[in-house]
Amino acid sequence: MTDLLETARDVQSNAHVPYSEYPVGAALETADGEVFVGCNLENANYSNSLHAEEVAIAEAVKNGHREFTRVAVSSGQRDGVTPCGMCRQTLAEFCDDDLVVLCDRGDDDPPAEYTLGELLPDTITEEMLE
């Protein structure tokens, strides 16, 4: 298992998930090797909830990073969860199609590995909005 995936697992303990009881952690690696983490934060008004990947990328961008190489995602269930569609689009705003996405399938299996382009083909881009 990669250190990045272990970091995603570790941050789950900070998740606020009183409704779903489904903690998720994400660890996002920048091009220069720095890692930013996020966990999901649920709200009684579900639409105001924050997803782990969103929190990680917001922290990285807030700190001036715009180039990323990998993201690892892990849930408490170790069920191979992938970023949801909303998170995929958020990642696509700041990451290239070749961003490596590692998804935790537990200690007995290697993580599933995708590229962002595989998970979100033909993404909405800034150019499409012009």
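Biologist: Which backbone nitrogen does the side chain of Glu54 reach?

Modeller: A polar contact is a pair of N or O atoms within 3.5 Å; within protein, one must be able to donate a hydrogen and the other to accept it, and residues adjacent in sequence count only if both atoms are side-chain atoms. Here the Glu54 side chain reaches the backbone nitrogen of His51 at 2.8 Å. This is a predicted model, in which local features need pLDDT of at least 70, side-chain atom pairs count only at pLDDT 80 or more, and totals for chains, interfaces and linings use all residues. Residues are numbered from 1 along each chain as its sequence is written, and side-chain values use heavy atoms, with hydrogens and water left out.

Biologist: In which helix does Glu54 lie?

Modeller: Helices (H or I, at least four residues) and strands (E, at least two) are DSSP runs, numbered from the N terminus. Glu54 belongs to α2, residues 52–62.

Biologist: How far away is the nearest side chain of opposite charge to Glu54?

Modeller: Lys and Arg count as positive, Asp and Glu as negative; His and the chain ends are not counted. A salt bridge needs a side-chain nitrogen of Lys or Arg within 4 Å of a carboxyl oxygen of Asp or Glu. Glu54 has none, although it is buried: Arg88, the nearest candidate, is 13 Å away.

Biologist: Which residues does Glu54 touch, not counting those up to four places away in sequence?

Modeller: Contact means heavy atoms within 4.5 Å. On that basis Glu54 touches Ser49, Met86, Cys87 and Thr90.

Biologist: Why does Ser49 count as buried?

Modeller: Buried means under 20% relative accessible area, exposed over 50%, partly exposed in between (1.4 Å probe, protein chains only). Ser49 qualifies because its relative accessibility is 14%. Ser49 sits in the loop between β2 and α2, and a polar atom of its side chain lies 3.0 Å from the backbone nitrogen of Asn43.
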